Amino acid sequence: MLKQISLVFFVLFACYVGVNSRELKHITKELEVNAPACEAWELYRNLGLINIIVPKLTNVQSTQVLKGDGGVGTVAKTTFVPDEAGNSSYTEEFIVIDDQKRVKAAKALEGDCLAFGCSVLIVEFDIKEKSQNSCIIKSIISYAVKKEFESKDPKPTVAVEAITQASKEYLERNN
């Protein structure tokens with residue numbers, strides 16, 4: 001059921017941003033965490049990731065909230081130590097925060113693969129309860145490549161795996 005809801009969300013969002021849903025590519029990862037889903041959701045739902053987890057990543061110089069209080073419509077910017085690909089920052093807007101389903105989605109506004117061939121980039125986190133004291137953090141990166149860049153096959157470089165791993169360590173250490 002949740003898979004169907006996520007698919008419906010992406011189809012509707014793709015229509016909203018003018019991308020055919022069949023053009024969206026997806027990268028999905030799951031990570032089991034020995035902490036209650038409610039605690040993981042509290043970290044993910046507002047500014048916990050931006051204020052606690054992201055600054056701990058070695059390639060991050062700074063994070064700042066440009067607009068909002070952590071709810072839908074919040075715009076956040078992360079500045080990186082520049083890499084070989086020239087990525088120096090990433091700006092996103094929170095577009096979905098669903099407390100009942102424990103789903104948060106953000107649309108990239110600039111940076112990452114938008115700078116080298118993608119037309120849309122959406123990052124979704126889904127916190128699923130596994131047991132009373134454990135959960136699954138599912139991350140879904142959805143993106144579309146501009147026609148003129150298809151032969152280069154650009155891929156998102158958003159540090160989702162590093163973020164979920166750092167979240168796991170933080171949650172398990174503080175549980």
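Which strand or helix gives the most to the lining of the largest pocket? Strand β4 does, with four residues. The model discussed here is predicted.

**The largest pocket**

The largest pocket has a volume of about 450 Å³. Its lining comprises 27 residues. Phe80, Tyr90, Val158, Ala159 and Ile163 are the lining residues that lie nearest the centre of the pocket. At least two lining residues come from each of α3 (48-53), β3 (75-80), β4 (89-98), β5 (103-111), β6 (118-131) and α4 (160-173). Sorted by class, the lining of this pocket holds 18 nonpolar residues, five polar residues and four charged residues.

**Two buried residues**

Ser139 and Ile50 can be set side by side.

| Residue | Element | Relative accessibility |
|---|---|---|
| Ser139 | β7 (residues 134-145) | 3% |
| Ile50 | α3 | 7% |

Ser139 counts as buried because its relative accessibility is 3%, and the cut-off for buried is under 20%. Leaving aside residues up to four places away in sequence, Ser139 touches Ile27, Thr28, Lys29, Glu124, Phe125, Val160 and Thr164. Of these contacts, Glu124 and Phe125 fall within the range of β6 (118-131), while Val160 and Thr164 fall within that of α4 (160-173).

Ile50, in helix α3, has a relative accessibility of 7% and therefore also counts as buried. With residues up to four places away in sequence again left out, Ile50 touches Pro55, Thr63, Ala76 and Phe94. Among these, Ala76 belongs to the range of β3 (75-80) and Phe94 to that of β4 (89-98). Gly70 is 20 residues from Ile50 in sequence, and the C-alpha to C-alpha distance between Ile50 and Gly70 is 9.5 Å.

**Aromatic rings**

Phe94, a contact of Ile50, also takes part in an arrangement with a charged side chain. The charged end of Lys104 sits over the ring of Phe94, at 3.7 Å from the ring centre. How many aromatic pairs does a search of the whole structure find? That search finds one.

**Helix α2**

Helix α2 spans residues 37-45, and its buried residues are Ala37, Ala40, Trp41, Leu43, Tyr44 and Arg45. Against which elements do the buried residues of α2 pack? They pack against two helices, α3 and α4, and against the strands β4, β5, β6 and β7. Among these partners, α3 holds Ile50 and β7 holds Ser139. The partners α3, β4, β5, β6 and α4 each supply at least two residues of the lining of the largest pocket.

Conventions
Residues numbered from 1 in each chain as written. Predicted model: local features only at pLDDT ≥ 70, side-chain atom pairs only at ≥ 80, totals over all residues. Heavy atoms only, no water. 1 Å grid on protein atoms, 1.4 Å probe; cavity = no way out; pocket = protein on both sides within 12 Å on 5 of 7 lines; lining within 4 Å. Points joined across faces, edges and corners; volume = space filled by probe spheres on them. Nonpolar A, V, L, I, M, F, W, Y, C, P; charged D, E, K, R; others polar. Phe/Tyr/Trp six-rings, centres within 6.5 Å; stacked < 30°, edge-to-face > 60°. Lys NZ or Arg CZ within 6 Å of the ring centre and 35° of its normal. Buried < 20%, exposed > 50% of the residue type's maximum accessible area, 1.4 Å probe, protein only. Contact = heavy atoms within 4.5 Å.
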